[in-house]
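Hi,

Here is the structure I said I would pass on. Have a look at it first, and then read my notes below.

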Amino acid sequence: MSTATAAPAAKPAEGLFSKKNRKLITDPLNDNNPITVQVLGICSALAITVKVQNAVVMSLSVLAVVVVGNMVISALRNLIPGRIRIIAQLVIAAGLVTLVDIVLKAYVYDVSKQVGVYVGLIITNCILMGRYEAFAMGNKVWPSALDGLGNSLGYAWILVVVAFFRELFGSGSIMGLRVIPESVYATSGGAYFNNNMMILPPMALVIVGIIIWIQRSRNTKLIEQA
Amino acid sequence: MNLVNIFVKAIFIDNMIFAYFLGMCSYLAVSKTVKTALGLGAAVIFVLGVTVPVNYLLENYVLKAGALSWMGAGFAEVDLSFLAFIMFIAVVAAIVQLVEMIVEKFAPALYGALGIFLPLIAVNCSILGGALFMQERQYSNIAEATSFALGSGVGWFLAIVAIAAIREKLRYSDIPAPLRGLGITFILTGLMGIAFMAFMGIKI
């Protein structure tokens, strides 16, 4: 969960990674996770977690769009008139997503086909608008980049964990590599079956629900008061 | 017949929430009471029903490869499909704004009911999702696209009203504290999704 926090801590000076800036990255990983706490970006998060590979590609796409978008909007924040800021944000997001879509089509065509419309839906991914609106509009470029990075990492680890379980139990493999050996399957004399339920959409919701349960029972300050 | 088929399929089988998880953010945030859920659901049906046909026209007469041929032979080769995302989201944002103004002017009662939800809808994934699915599935005419849009809207409406009703009742049940609120809503949505899968394969 907190592996990503070690890297910035290693270089103390510079001020670029001051305590406050480091918090921007570490907070979204747990206490302020975009998916399980802020409830942002669930729309595209669940559908593409059937395979770990898709989840990784999706996370990288979101990372690129959020970090670059945060920086651009933060740089332009004094030029964008308040009344049309949503449209300005949407246009910047749509431009970046178009670039990501073209890059994916060029380099990982298979994945791009499977991820399909969900790349386009990054535009309306609430993480994007949420971070643009809540952070980049009111902060300098560098903290905005870190905030984008932290939030997309927080998004990424949930995605990868969900995809890990769905691929492991649903297809018996991880990143396309077979983990559960062929020989235990019922088709070759064993007694094992893939749990096809895991591939279907509803199980993604249940797994996220369980992740939320585990996270909140360890981090009790996140519990909602009824 | 085909239109009815598309409509029913969009409601039950390709349900926006249970099959594609579109619009989950507002689905989770605005489903605490049935009354607000009804308002948002109605607004989604309305906006989907307006934006998808407009985007359909845009896709088929401007963006698609060769779609500009009505402007003259010189344009027959033009392919603007890389602009699809920007155009679709601009159309959605503009129409939502327009709809808000029209409703405010001519139907103040409706505005009172839908008012605060309309701006939220511009960033609801199900609206852009509707446009992108319309593009992907290549409906053969605008009636089919509209029927798909209305079906998706009704499916979304049913989902959010159902979960809101369940969450209202849930207030009286004893859920483990860490699972309260968000966690149990996720799991319930999953269970409802499994129930909706019973509709798979229905054809009229």
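**What I found**

Let's start with B:S26, a residue in helix α2 of chain B. Keep in mind that this is a predicted model, and that every value below was computed from it. Is B:S26 buried or exposed? With a relative accessible area of 13%, B:S26 is buried, because the cut-off for that word is under 20%. If you leave out residues up to four places away in sequence, B:S26 touches B:S31, B:L40, B:N124, B:W156 and B:I160. Try clicking on those to see how they sit around the serine.

Next, the place where the two chains meet. On the chain B side 37 residues are in contact, and on the chain A side 41. People often describe how big an interface is by the accessible area that is lost when the parts come together. Here chain B and chain A bury about 3500 Å² between them, and carbon and sulfur atoms account for 83% of that. How many salt bridges cross the interface of chain B and chain A? The rule finds zero. The count of residue pairs in polar contact across this interface is zero too, looking at pairs where both residues have pLDDT 80 or more. As for which parts of chain B touch chain A, the elements giving two or more residues are α2, α4 (84–106), α7 and α9 (182–196). Of these, α9(B) gives the most, with eight residues.

Now for the salt bridges. A search of the whole structure turns up five of them over all chains, and I'd like to show you three.

Two of them share a partner in chain B. B:D14 and B:K9 meet through their side chains at 3.4 Å, N to O. B:D14 is buried, at 15% relative accessibility, whereas B:K9 is partly exposed, at 41%. B:D14 also pairs with B:R137, this time at 3.9 Å, N to O. Why is that second pair worth a look? B:R137 lies in helix α7 (residues 125–137) and B:D14 in the loop between α1 (2–13) and α2 (24–29), so the pair ties together parts of chain B that are 123 residues apart in sequence. B:R137 itself counts as partly exposed, with 27% relative accessibility. Through the shared partner, B:K9, B:D14 and B:R137 are joined into one network of salt bridges.

The other one to look at is in chain A, where the side chains of A:K105 and A:D101 form a salt bridge of 3.2 Å, N to O. Where do these two residues lie? Both are in helix α5 (residues 85–107) of chain A, four residues apart, which is about one turn of the helix. A:K105 is partly exposed at 45% relative accessible area, but A:D101 is buried at 13%.

Last stop: the surface of chain B. B:L57, B:Y61, B:W70, B:M71, B:F75 and B:I142 make up a nonpolar patch there, and together they have about 600 Å² of accessible area. One of them, B:Y61, belongs to helix α3 (residues 34–63) of chain B. B:Y61 counts as partly exposed because its relative accessibility is 46%, which falls between the 20% and 50% cut-offs.

Have fun exploring, and send me any questions.

Cheers

Conventions
Residues numbered from 1 in each chain as written. Chains lettered and ligands numbered in written order. Predicted model: local features only at pLDDT ≥ 70, side-chain atom pairs only at ≥ 80, totals over all residues. Heavy atoms only, no water. Patch = residues over 30% accessible without salt bridge, like charges linked within 9 Å, V, L, I, M, F, W, Y side chains within 5 Å. Areas by Shrake-Rupley, 256 points an atom, 1.4 Å probe, with all protein chains shown as cover. Salt bridge = Lys/Arg side-chain N within 4 Å of Asp/Glu carboxyl O. Buried < 20%, exposed > 50% of the residue type's maximum accessible area, 1.4 Å probe, protein only. Contact = heavy atoms within 4.5 Å. Buried area = accessible area lost by both parts, 1.4 Å probe. Polar contact = N/O pair within 3.5 Å; in protein donor to acceptor, adjacent residues only side chain to side chain.
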